[in-house]
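Look at the model below before reading on. Then follow the report with the structure in view.

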Amino acid sequence: MFKYQWDWGIILSEVPGTDGEYYYQWLIKGFELTLSVALSAWILALILGAIIGTARTAPSKWLSWPATIYVEVFRNIPLLAQLFFWFFALPELLPTAAGDWMKQRMPYPEFIIGTLGLGLFTAARVAEQVRTGILALPRGQKNAGLAMGFTLTQTYRYVLLPNAFRIIIPPLTSEFMNMFKNSAVTYGIGLTELYFQLRQITGDYAPGNIIEVTAYVTLIYLVMAFIVNRGMAWVERKVAIPGTIGGKR
Amino acid sequence: MRKFAIMAAVVAAFATGAQAEDLTGTLKTINDTNTIRIGYRESSIPFSYLDQNQKPVGYAMDLCMAVVDAVKKKLNKPTLAVSLIPVTSQTRIPLMVNGTIDLECGSTTNSKERQKQVAFSDSYYVTSVRMVVKANSGIKSLSDLNGKSVVTTTGTTSDRYIKQNEKGENLDVKNLYGKDHAESFLMVESGRASAFVMDDILLASLIAESKNPKDFAIVGPALSVEPYGIMMRKDDPQIKQVADATLQGIFKSGEGNKLYNKWFMSPIPPKSVNINLPMSDKLKDAMAHPNDTGI
């Protein structure tokens, strides 16, 4: 006996008890926050991940061991647990003054911790992608670079990394798309992004319209991921080197 | 033992009972499937929660089981199967509307928004929305919140009461959102938020369960008064009549007071903590004049 009362116009309705606030405004605010936290975390993840992934392939143990430890730690702990650590546990472990600052006076704490948590988590995965890309190159590339008189750093910079990054654009696209989906987890520390707005609206405000609101929010996430996908495909075409794996056939 | 005695007496008295009318709606489904499905909450202390044996217990559960006994009597099915299904505040309405549960016994506020999709029995509890603060914080009223952060749980409407009062009193308040009641209370406990706004009974049970109950105080005006009722499907007069009649019988006979004291003024599972919240005047009034008016 499915007697659900459909109301697809729910997001255009005014929020009861307020004056001129509409549900779609909440969704827009959430969408903006999702976009900001996902993009900020992605920049962090990309830069940190590239450094760590490269370090893992370095011959020096001082570089490769810390990098390996980082990747193993941050890959094996669930994202929500990591976020809870930074948000709830860290202020308690720091000296009282620093902990209180983190809890009470830090500006935009949820956004900063969300970016930090998401970024560090994804950096471990990006590091693995970068390491894969470097290892996928023929061994001759590094040797040829060294034989030409490049130092190891120069070989990485001019020969190995440019090729490696182009190879890993498809899995990197996956990570980028995952970033937008994982941003939903930050609702757990109170960031009022899109998934939070879904929970807020379908909680007590509009509990009778959970299917419609969920459908709208799902659509927004789908569109975001799709745009990222197509954007990265365009990037892949633009930077392809003819004659290499990603280039024109 | 007592419940068995009541049931046995009831069955004996109505052993030859015959249906006087055709069953419709929920009662018909229960009759056809020989099962009644009860939705319970996992941590809405003391209304509906899991005790140390992972069994759902609570004030609302006791009331619901009395309704189940009344249904068994009405359908003349003493061996009716009772299926217990956990729900959350997000899933309770969809599961009710699609037929997965027949009655929801938890801490569901009877609100006009919800009445668009479901119906409620007469109210069995009335709560006021207030706030919990650290006892040494010096916060006594809403105006003391100026410049501070206030946390509420995601999905509840408590934040709008602060916002409404914000406009009224020109307060500058930072709104924080905890993922559930335990996290919101943790934010106050750890000093991240200055106040947690929620139904006073939930606050009282969180304080009672905390490590140092003396550190906290429930302060502030009643921002809203909210009745709880047993949730059921809309446009289903038969099940509503059974539920309302059962509750009214319990309230009028004084059994309601006994049940209240059992859950609110005595040690309760799982840790034998006593919430110690005397019955409010609003609840006394609701028991004296049973009604299902929503807010």
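The report covers one helix, then a chain contact, then a pair of domains.

This is a predicted model: local features need pLDDT of at least 70, side-chain atom pairs count only at pLDDT 80 or more, and totals for chains, interfaces and linings use all residues. Residues are numbered from 1 along each chain as its sequence is written, while chains are lettered from A and ligands numbered from 1 in the order in which they are written.

**A helix in chain A.** Helices (H or I, at least four residues) and strands (E, at least two) are DSSP runs, numbered from the N terminus. Helix H3 of chain A has 15 residues, 79–93. At 1.5 Å times one less than its number of residues, H3(A) should span 21 Å, and its end C-alpha atoms are 20 Å apart, which agrees. H3(A) has a kink of about 40 degrees centred on A:Phe85. The bend is the angle between axes fitted to the seven residues ending at a residue and the seven starting there.

**The chain contact.** Residues are in contact if their C-beta atoms, placed from the backbone, lie within 7 Å. Chain A gives 28 residues to the contact and chain B gives 27. On the chain B side, helix H6 (158–169) and helix H7 (181–190) are among the elements that each supply at least two residues.

**Domains of chain B.** The bounds come from an automatic or database domain assignment. The C-alpha centres of domain 1 and domain 2 of chain B lie 30 Å apart.

| Domain of chain B | Residue range | Residues in contact with the other domain |
|---|---|---|
| Domain 1 | 2–124 + 229–288 | 11 residues |
| Domain 2 | 129–226 | 8 residues |

Methods:
Contact = placed C-beta atoms within 7 Å.
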